[in-house]
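Take a look at the structure below before reading on. We'll start with a small patch of sheet and work outwards from there.

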Amino acid sequence: GLSIQKCDLTIPQNNKNHHTEEISTEMLIVRRGQPFTITVSFSAPIRNYLQQMKRTFLIVQTESRHYKADEIQTEFPISSLGDQKQWSAAVEEQDPNFWTLCVNTPANAPIGQYTLLLRASKSSHFLGNFTLLFNPWCRDDEVFLPNEAQRQEYILNQDGIIYQGTENAVLAQPWDFSQFEEDMVDICFILLALGEDFQRENDPAQRKSPVHICRAVAATLNCNEFRSLTEHEPGLHYNGIPPSKWLGSSPILRQWIASKFQPIRYGRCWVFAAVLCSVLRCLGIPTRVVTGFTWAHNTKSSLSVDEYYDEDGTLLTQDETAHVWTFHVWNECWMARTDLLPEYSGWQALDATCQEKGKGLSFCGPAPVHAIKEGDTQVDYDVCYFFAAINAKCHVWIHKADDTLKPAFGGTKYTGNNISTKSVGSERCEDITHNYKYPEGSLQEKKVLDKAYRNMKELETTSSSSTTQFISIPTALEEPVNLSIHLQSNSSLQLGQDITLSIEVFNHSGGEKATHLVVGIQALHYNGVPIAQLWKEDFHFNLQSNSVNNLQVSVPYTWFGKELGENHLLRLTAVLRDEDSSYMYLAQEEISIGDSPLTIEFPENMVQYEPSTAKISLQNPLTEPLQQCVIAVTGRGLIYRQRNYRLGSVEAKSTQELQIPFTPTRAGPRRLTARLTCLQLQNLKSYRTTNIAAA
């Protein structure tokens, strides 16, 4: 019989061919539907090669997780010709002392961690272990992505950008997906297995489906029993890491493993989406992080959502379930939908943020983006949820002192704006709103909304009212045309900058009007929950018929700078009351306090393995010292893990410089990220990408 001396899995070459060399140079990691090569050496020469080959088989098997039925085991002969469509092996080279085998995996094989054995006559020999991933380079794989630049971005790029801020001032935040760091592939499979356990979907054959993988991973991220991240409720005192402090996915996932699967505190929608993106890219599913501005959350599939203000323009949290979020972050994954109609293939929306508190699955998707755009709300996988979130109309009500509600004219908001993602191969922001909806006011948009209403109405009649609260068609409020109000401000402010407000009040009527105007500023969490009323002022004036009154108001930074929330968002409101008719008019504007006071500079030419120094400058824009300043610096391939530099105090309007010595270990484009935390300002980030020449 055969006596095997050793097996060389030719890991460097195989991993390079399979685009996994960044993940590991020590473990064999291959992609399905693409052959890999191994060399088996024998301790005694083999004379009758053909006879031996006929009696020799390869066996691949997965580890059983719970019981024997859980494992996949496939045995296939070694032939002189392999079959590319299924598990097969062919001898590529042979002499009496070794065989070089080419092993084929099917393009729909379940992904996972496999053991490879060789069976000759009655005995089996262990050859090694390998990990099998999805393959966007393989035409027959459901995740096949035909464009190489997109594969580089949505599978191989580890440097991400997540968009926050407001729809008029989109703010780029760096994120390190680190999907190929050491241990990440093992952590991803642990996470996947827990999600499958939670959903009681333990048939390993399901792992051939990218839809199954997406749902199982999303389940682990937020489901009660196993959740790997705890969502942070605004206003609670922290006993963990604030969501905006995280710089990347690998510290979160490593901490989760080290704590034996205790939920990590804390996550927010952008953290859920970023971690999900890391895991899915690692497993081979093309994935990107997407931000939508003015997002109607938890509408329970209603296309109408309400916001309540008091008579001074202070936002009230009357309805706890439905909020209009300033922004929301989710994922898109690329795949063919073999379970749905062919036109639903392509990008799929997947939202790992908890939807409703309570038991059960609280993630959404994967919903075909094409179905969302076309209003095909009857398609499963939560198309309805996404459609409502980006198409709902927000009506604004004034809650009066006598407990009555009055409509606020002019306050209607439209949701689902500036849907943004990082563009391919660059750090620019790409607007993909057109993938989700037709242009506002177009005939196609009207058709889609009508179709969605009809679908949802049908659903309402076929499902019991106890389980679903369905659609309410937004009714147009009859707007009186007597008065109107327009509010304008800078959409984004520098730190330390005062707010300049311009308010125009128009009287369109034929008579004089007595009016009462209240202008206010509130600090806001990104999910529409108010933090504090920071400033307000009243104005009383009479407006002549067909005239306009212009007001300019300046609010010093010192009045609002201390109370900025984690996302540095402010809502400006102007409420106008017609004293004769008691009609109320509202204008609102959201502004974000933007740029980081950190700048990063690199020397001209940097070479791999040669020591170098970067310079970080902290410019204090405030009229008071920044106290207890700490700058955290990370950069994969530039410095190891994270470094923290304590600067103490930085005087008002002064600049302090920090030298960062480093020796680059990786060539190519490399990013350095710096985060400032001090008493006055939390988690302001800056980043810079540079090119490192290969040694």
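Start at K615, whose bridge partner in strand 38 is Q659. This is a predicted model, in which local features need pLDDT of at least 70 and side-chain atom pairs count only at pLDDT 80 or more, while totals for chains, interfaces and linings use all residues. Residues are numbered from 1 along each chain as its sequence is written, and side-chain values use heavy atoms, with hydrogens and water left out.

Helices (H or I, at least four residues) and strands (E, at least two) are DSSP runs, numbered from the N terminus. Two strands count as paired if DSSP finds at least two bridges between them. With that in hand, K615 also turns up in another pair: E601 has K615 as its bridge partner in strand 35. Strand 35 covers residues 612-619, and four bridges tie it to strand 33 in an antiparallel arrangement. Another pairing here is L598 with L618 of strand 35. Strand 35 also pairs with strand 38, again in the antiparallel sense, over eight bridges. One of the partners there is F662 in strand 38, which goes with S612.

Put those strands together and you get an open sheet of three, in the order 33-35-38, with antiparallel pairing. Strand 33 and strand 38 (655-662) are the edge strands, each pairing on one side only. On average, neighbouring strands of this sheet are turned by 20 degrees against each other, direction ignored.

Which way do the side chains of strand 33 point? In a regular strand the side chains alternate between the two faces of the sheet. Strand 33 (residues 598-601) does just that: L598 and I600 point to one face and are buried, while T599 and E601 point to the other and are not. Buried here means under 20% relative accessible area, exposed means over 50%, and partly exposed is in between (1.4 Å probe, protein chains only).

There is another open sheet to find, this one with five strands in the order 34-40-39-36-37 and mixed pairing. Its edges are strand 34 (606-607) and strand 37 (642-650), each of which pairs on one side only. Strand 37 runs antiparallel to strand 36 (residues 626-634), and seven bridges join the two. Across that pair, T634 stands opposite Q642 of strand 37.

Now step back to the whole chain. An automatic or database domain assignment sets the bounds, and the chain is divided into domain 1 (4-133), domain 2 (151-403 + 413-462), domain 3 (483-593) and domain 4 (598-692). Between the C-alpha centres of domain 1 and domain 3 there are 69 Å.

Next, find Y309 in strand 15 (residues 304-310). Is Y309 buried or exposed? Its relative accessibility is 0%, so Y309 counts as buried. Although Y309 and I398 are 89 residues apart along the chain, their C-alpha atoms are separated by 4.9 Å. Leaving aside neighbours within four places in sequence, the residues in contact with Y309 (heavy atoms within 4.5 Å) include W397, I398, R571 and L586.

Finally, look at two helices: the axes of helix 6 (residues 249-258) and helix 7 (residues 269-283) come within 9 Å and cross at roughly 85 degrees. That makes helix 6 roughly perpendicular to helix 7. The contact involves S249, I252 and L253 of helix 6, along with V271, A274, V275, S278 and V279 of helix 7. Axes are lines fitted to C-alpha atoms (for helices over the stretch in contact), with angles from 0 to 180 degrees between N-to-C directions; under 35 degrees is roughly parallel, over 145 roughly antiparallel, 65 to 115 roughly perpendicular and the rest oblique.
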